[in-house]
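Reader: I'd like to learn how to read contacts that involve aromatic rings. Could you walk me through some?

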There are 2 protein chains.
Amino acid sequence: MHIDAEPEVTTTELTERECWEYLAQHDFGRIAVNVRGTPSVFPVGYSVVPGGILVRTRPGSKLLAILLDSRIAFEVDERTDLDGWSVLVTGEAEEVDPGSNEWHTMPAAPFAGADAHVLLLLTPTQLTGRLLHRG
Amino acid sequence: MHIDAEPEVTTTELTERECWEYLAQHDFGRIAVNVRGTPSVFPVGYSVVPGGILVRTRPGSKLLAILLDSRIAFEVDERTDLDGWSVLVTGEAEEVDPGSNEWHTMPAAPFAGADAHVLLLLTPTQLTGRLLHRG
């Protein structure tokens, strides 16, 4: 099988500050966790808050996996015909009290429904991102 | 902090056949792997082929992680204002020979560039999906 030639792609690494800017401009990403050693991914609504990323989700097996192994990855991306970007957060997740006044920005959960009453705070240990342009 | 009431969300579990249909209609997803026990996620182009999902990527540390621990998760999703869906594949990944004639569908790699010459075959062990509707 022959792999077709693809157009030239320019890749630019984002600075940490630029990664935060991209994250702050969006509200929907994907969180990856280990469930008994096997990776799993699920889509979540989020907000950028001081100190990290606040994620809203439902109680369930994924949440239990996070409580057992708090290491997570969180990814946000977007593509158009000519451009694309992605930001990857690696870090720790912990459940936080929704009754706390510490955060004033509530993550959207447009498709999670009324039972998405669990809040997770993701604390990044590493933040990387790339901007891609076809040309 | 008060969690605002969200509109009712209807959730429908997709059958395995429906999951394959959604996967076949798209070409861009995210693969999650363990890198020394820590989850990581990266966006990839893909094609559905007989027996699994063919992913095109660059050589690098993520690929090395897959060769060391072949368990992966692969996720595709889409949202509009009123609807959303996501499909999650859990399974095994193996590098395959791009010179093989076994596959006639080549995954797109519009943003991966000329060095995206590595092919991975994902073989699902579990396939789940959800359709979400606000209303």
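Author: Gladly! The charged end of Arg79(A) sits over the ring of Phe28(B), 3.9 Å from its centre; a charge counts as over a ring if NZ of Lys or CZ of Arg is within 6 Å of the ring centre and within 35 degrees of the ring normal. With the chains swapped, Arg79(B) has its charged end over the ring of Phe28(A), 3.9 Å from the centre. This is a predicted model, where local features need pLDDT of at least 70, side-chain atom pairs count only at pLDDT 80 or more, and totals for chains, interfaces and linings use all residues. Residues are numbered from 1 along each chain as its sequence is written, chains are lettered from A and ligands numbered from 1 in the order in which they are written, and side-chain values use heavy atoms, leaving out hydrogens and water.

Reader: How many aromatic pairs are there over all chains?

Author: A pair of aromatic rings is described by the distance of the centres and the angle of the planes. Rings of Phe, Tyr and Trp (its six-membered ring) pair if their centres lie within 6.5 Å; planes under 30 degrees apart are stacked, over 60 edge-to-face and the rest tilted. By this rule there are four over all chains. One of them, Tyr22(A) with Trp85(A), is tilted, at 4.7 Å centre to centre and 45° between the planes.

Reader: Which parts does that pair tie together?

Author: Tyr22(A) lies in helix α1 (residues 16-24) and Trp85(A) in strand β6 (residues 83-96), so the pair links parts 63 residues apart in sequence. Helices (H or I, at least four residues) and strands (E, at least two) are DSSP runs, numbered from the N terminus.
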